[in-house]
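Please open the structure in a viewer and keep the selection panel at hand. The tour below proceeds stop by stop, stating what to select and what is found there.

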Amino acid sequence: MSNNVLAQFSNINLSAVPEKLDSILNANRKQLNTLLTQPSFNWDNLLAPIEEMDDQLSQFWSPISHLNAVVNSPELRGVYHQCLPKLSEYASEIGQNETFFNAIKSIADSDAFQQLDKAQQQVIHHALRDFKLAGVALSPENKKQFRELVKQLSQLTTQFEDNVLDASQGWVKHITDQSELSGIPEHGIRTAAEVAKQKNKSGWIFTLEIPSYLAVIMHADSRALRETMYRAYTTRASDQGPNAGHWDNSQVMQNILQKRLSLAQLLNFNNYAERSLATKMVRQTQHVLDFLQKLVDASLSRAREEYQALKAYAQSELGLETLAAWDISYVSEKLREQRYNISEEELRPYFPLPKVLSGLFQIVKQLFNINIKPVDGFDRWHDDVRCYAVYNSDDSLIAHFYLDLYARENKRGGAWMDDCRIRRKRLSGDIQTPIAFLTCNFSAPINDASALLTHSEVVTLFHEFGHSLQHMLTKIDYADVSGINGIPWDAVEVASQFLENWAWEKESIALISEHYKTHEPLPDELYQRMHRAKNFQAAMMMLRQLEFSLFDFKLHLAFDPKQSNQVQKTLDEIRNTLSVIPVPEFNRFQHSFSHIFAGGYAAGYYSYKWAEVMAADAFSLFKEKGIFDRSTSQKFLETILASGGAYEPLELFIAFRGREPKIDALLKQEGIQQSA
Ligand code: ZN
């Protein structure tokens with residue numbers, strides 16, 4: 001018997017899902033109403049049973065929502081769309097339930113509140129805050145309007161994401177003339193041949209999936225081919241490019257922004273940026289702008305120098321008089337090779353996936369004293385999926401995670417961690433262990449060989465594994481603040497960016513690298529070259545992220561539905577002040593910027609940089625004490641990883657580091673500011 005059985009994916013009867021969901025929601029409504037008729041309220045008679053009820057709903061929905069993202073199909077999409085309004089209606093209804101709000105408030109005001117532990121108190125603080133943000137205090141008419149907006153937003157953001165997926169799959173480049181492949185690495189060519197074969201075509205097919213796109217944009221000698229791919233990629237889901245007008249997100253973005261603004265205004269915020277900060281670590285919009293500006297000021301002149309060097313190199317070595325947008329990655333790659341004698345492709349043979357994984361597991365074992373073992377015979381949604389169990393040093397089960405690492409059709413792009421199940425204490429008293437979904441889009445192995453990762457893919461894997469660790473190693477018993485739940489969004493990237501460092505250190509690289517043929521670890525000489533190249537164009541990269549962050553934040557801060565074309569204008573204005581690379585007029589990057597239009601990063605993309613400061617500063621302690629120093633890693637585990645959302649992130653950071661984070665730590669890590 002096991003009360004920690006894994007989730008089911010393959011035998012979900014899709015047509016029955018909407019009805020099943022209705023019955024769960026109705027049962028929950030009924031239970032809530034019954035609970036609210038009690039004469040007085042406390043944790044055990046209200047919050048504990050509600051948590052169990054919420055958990056059953058999320059365990060029902062989580063696999064469906066996950067499948068929609070990774071094995072999308074028309075049927076699944078239809079069911080998903082049918083269910084979304086039900087879920088958003090239900091969430092709004094709960095969030096606006098005044099009786100429920102007052103019941104929780106009575107617990108907060110009672111003497112018993114002081115007897116609750118910190119995590120429970122945080123659950124209650126968050127709940128009261130979230131009721132207000134769900135419009136509990138609004139007039140009945142405004143409540144209705146609010147609910148309508150929430151429902152429309154959930155549909156619009158899903159439509160945005162669907163458009164990006166369809167547009168990404170709605171275009172391919174079919175090549176039959178081998179000479180066009182010049183410069184593209186062997187690995188990219190073989191993958192393209194494989195795709196062509198699957199589609200019963202001769203030659204090679206390049207797609208807009210990221211490994212395929214990068215193979216061309218970074219390496220193809222044919223400038224025309226690079227331009228073709230660049231145009232298709234940067235105009236996805238827009239009014240421009242080869243599929244102009246198909247799956248166009250222009251109006252969808254406008255509607256999303258307008259509804260977000262209305263929603264914020266109903267809650268008495270001036271704009272959606274203020275609304276976003278209501279749940280974040282940074283509380284003032286001006287602080288976000290000041291923080292980003294500080295990084296711009298620190299990086300701009302260095303970035304200009306980097307770009308000038310690139311331009312000069314393109315002219316003198318490659319005979320390119322002007323640098324077009326589709327030349328930047330290609331020329332950068334050539335310059336990197338010339339300057340550091342290193343290329344991503346040269347490293348790939350040293351990072352076969354099985355070795356990277358076993359090394360990663362070894363690293364987290366050394367750091368956090370956990371053992372990771374593969375699970376056999378589990379139910380999966382695709383043959384590529386793997387499942388692992390995480391154990392304590394005393395062999396007690398802590399968690400599970402699923403790995404789904406390869407790009408394929410009908411799978412959303414990018415990399416992410418999502419929770420399949422959260423750690424919590426059940427009403428029965430036993431602990432429900434957490435389960436994570438870790439999803440990436442690496443190029444799939446060809447035939448029976450192991451997948452060979454680029455080093456940046458290795459870094460991505462470590463990033464997502466950092467999120468997974470915070471989800472899995474939590475010691476909190478209450479779902480709302482366990483794992484990554486309850487962590488302000490601008491602190492949630494700390495654990496992930498923190499773990500990336502182990503993909504760069506010599507000691508840890510020795511554990512994750514092994515030539516797939518000779519089985520030798522990455523030679524020291526190659527490691528030194530790779531490490532010297534680490535901060536290549538760091539300031540340009542920093543500015544790119546700052547451009548995205550400022551665009552997102554200013555757009556949500558100043559959006560005015562009466563202005564036309566504000567999305568493009570905001571982006572152009574920001575680019576004018578800080579972009580060092582040319583961006584063609586047809587570029588519609590924003591039309592596929594899912595983080596802010598479909599994900600949770602609206603007026604919150606700055607979070608990456610904000611958290612990166614904390615991650616870099618946390619890691620600087622490991623640089624002092626040793627990257628495998630057990631007492632330092634133990635402290636990191638006990639503070640940031642294990643206590644997640646139950647405490648304020650600044651409090652946890654100070655508990656770990658002994659002081660507040662310093663911005664210099666990031667600038668030094670990126671080589672933008674020299675160490676004193
Ligand atoms: Zn992340």
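**A buried leucine**

L57 has a relative accessibility of 10% and therefore counts as buried, the cut-off being under 20%. The model in view is a predicted one. Select helix α2, residues 43-70, to see the element in which L57 is found. Next, add L25: its C-alpha lies 7.7 Å from that of L57, although 32 residues separate L57 and L25 in sequence. To complete this stop, display L21, I24, N28, L87 and Y90, which, together with L25, are in contact with L57 when neighbours within four places in sequence are left aside.

**The crossing of α9 and α14**

Select helix α9 (residues 210-219) and helix α14 (residues 328-340), whose axes come within 6 Å. How do the two helices cross? The crossing angle of α9 and α14 is roughly 70°, so the two helices are roughly perpendicular to each other. Show side chains for I217, M218 and H219 on α9, and for S329, Y330 and E333 on α14; these residues make the contact. By character, the residues of the contact of α9 with α14 comprise three nonpolar, two polar and one charged.

**The zinc site**

Centre the view on the zinc ion and select H463, H467 and E493. The zinc ion is coordinated by NE2 of H463, NE2 of H467 and two OE atoms of E493, at 2.1 to 2.7 Å. Along the sequence, the donor residues follow the spacing H-x3-H-x25-E. Now select helix α17, residues 455-472: H463 and H467 are about one helical turn apart because they are four residues apart in this helix. Are these two histidines buried or exposed? H463 counts as buried because its relative accessibility is 10%, and H467 counts as buried at 7%. Angles among the four donor atoms run from 52 to 141°, and the site is irregular. The angles do not qualify as tetrahedral, because that would require all of them to lie between 85 and 135 degrees.

**Two loops with positive phi**

Most residues other than glycine have a negative phi. Two residues are worth selecting in this respect. D395, which is not a glycine, has a positive phi of about 70°; look for D395 in the loop between β4 (386-391) and β5 (397-406). H519, also not a glycine, has a positive phi of about 65°. The place to find H519 is the loop between α19 (506-512) and α20 (524-532).

Conventions: Residues are numbered from 1 along each chain as its sequence is written. This is a predicted model: local features need pLDDT of at least 70, side-chain atom pairs count only at pLDDT 80 or more; totals for chains, interfaces and linings use all residues. Side-chain values use heavy atoms; hydrogens and water are left out. Donors are N, O and S atoms within 2.8 Å of the metal (3.2 Å for Na, K and Ca); water is not among the atoms, so sites may look incomplete. Four donors count as tetrahedral if all angles lie between 85 and 135 degrees; four count as square planar and six as octahedral if opposite donors are over 155 degrees apart and all others between 65 and 115; anything else is irregular. Buried means under 20% relative accessible area, exposed over 50%, partly exposed in between (1.4 Å probe, protein chains only). Axes are lines fitted to C-alpha atoms, for helices over the stretch in contact, and angles run from 0 to 180 degrees between N-to-C directions. Angles under 35 degrees count as roughly parallel, over 145 as roughly antiparallel, 65 to 115 as roughly perpendicular and the rest as oblique. Contact means heavy atoms within 4.5 Å. Ala, Val, Leu, Ile, Met, Phe, Trp, Tyr, Cys and Pro count as nonpolar, Asp, Glu, Lys and Arg as charged, and the others, Gly among them, as polar.
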